[in-house]
Amino acid sequence: MNVTEVYKEIAHIYNEGNFSGNGSIGVLNIPPSLNKAINILTVVILFISMISLGCTMEISKIKTHLFRPKGVAIALLAQFGIMPLTAFSLAKMLQMDPIKAVTVLICGCCPGGSLSNIFSLAMKGDMNLSIVMTTCSCIAALGLMPLLLYIYCQGFSGLENAVPYFGIISALAFTLVPCAIGIAINHYKPNYASLAGLSILIVSGIIVFSLSGFVIKDVIRMVLLPDVLAVAALMPLIGFMLGYVMSVMCRLSPKCSRTVSMETGCQNIQLCVTILKVAFPPQVIGPMFLFPLIYYTFQCTEALLLTLCFRCYQACKTPAEDVDVKQVEVKQPCLLPR
């Protein structure tokens, strides 16, 4: 059975069970012109977001961490080990339908996004490690994301041949171009990098929320189902917690452990939306292309709560403890002494 036949079969199933009481979701009918406009704007938003991400990257800092790769290696293992497995486990436990399952898996297999850099800064993490990890995860995703999707999709009936790997790889390769543009801006015009990055983030944010509000106003209820909300709430929380635990077990410093925690739980939502919206026909993916926006809401809320808890802990901690930790981190930026 080829991909087209799988799509037709899945679409038929969802047409038959259009928003029924058993938790199925209906097919989203979008006019072709509006669908094309949404696809174009989604790609544009991804493009400008990746330029913004590139503007935060410095070649010298990337080289420094690549010459001491243990911290980056642990971070990548957390990103592509914990999140895909979490997505697969939650989809299995909640017995999700094929389209819900593949949506959750794609979100779980995505690399880290620029939002993790902001929360790493708020958590007083290692910003160099955060930026390098985001860079490396975007590059590594070219091979790891299709491979992980292929492996985990074997566990769901009907998804073995339904994932558009070519479209996903094309989207991943596309992200490297604007990222390289951002790095070039930061390298040759560093005075404009911060302003460009901030401006692009603000513009893309306004476009995202305006477009989302226009598109989802009539269909948001179709995706606000108990199992979808449960996965969207649990995935980032599990990523934050297990990312930190894994870092501590690998003897990373508290500063780097907080960074890995934020990088693990924060996914590249713009990339996920682009893949779901562009690689899948609208009659197949239905309103589930909105899942990344729900994930984004829970991701931000939980990261803000964790940041608040950490800041409260910092305020209550004795000055002597804070000095000891800083001395260790100066001597070994990422690794704790044995």
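These are my notebook entries on the fold and the aromatic pairs of this model.

**Entry 1, overall fold.** I worked from a predicted model, and I looked first at the secondary structure, where I found 16 helices and zero strands in the protein chain. I then checked burial and noted that 51% of the 338 residues count as buried. For contacts with a separation of 6 or more, I found that 85% are accounted for by residues 24 or more positions apart. The accessible surface came to about 15,500 Å², and carbon and sulfur atoms make up 69% of that area.

**Entry 2, aromatic pairs.** I looked up the ring pairs next and found three aromatic pairs in the structure. One of them joins Phe88 and Tyr152 in a tilted arrangement, with 5.2 Å centre to centre and 40° between the planes. Because Phe88 belongs to helix 4 (residues 70–93) and Tyr152 to helix 7 (residues 127–153), this pair ties together parts that are 64 residues apart in sequence. I recorded Tyr152 as buried, since its relative accessibility of 16% falls under the 20% cut-off.

I also looked at Phe291 and Tyr295, which form a tilted pair at 6.4 Å centre to centre with 50° between the planes. Both residues lie in helix 15 (residues 291–316), four residues apart, or about one turn of the helix. Phe291 is buried at 0% relative accessible area, and Tyr295 is buried with a value of 0%.

**Entry 3, around Phe156.** I followed the ring pairs onward and saw that they link Phe88, Tyr152 and Phe156 into a cluster. At Phe156 I also noted a charge over the ring, where the charged end of Lys92 sits 4.9 Å from the ring centre.

Notes:
Residues numbered from 1 in each chain as written. Predicted model: local features only at pLDDT ≥ 70, side-chain atom pairs only at ≥ 80, totals over all residues. Heavy atoms only, no water. Helix = DSSP H or I, 4+ residues; strand = E, 2+ residues; numbered from the N terminus. Buried < 20%, exposed > 50% of the residue type's maximum accessible area, 1.4 Å probe, protein only. Contact = heavy atoms within 4.5 Å. Areas by Shrake-Rupley, 256 points an atom, 1.4 Å probe, with all protein chains shown as cover. Phe/Tyr/Trp six-rings, centres within 6.5 Å; stacked < 30°, edge-to-face > 60°. Lys NZ or Arg CZ within 6 Å of the ring centre and 35° of its normal.
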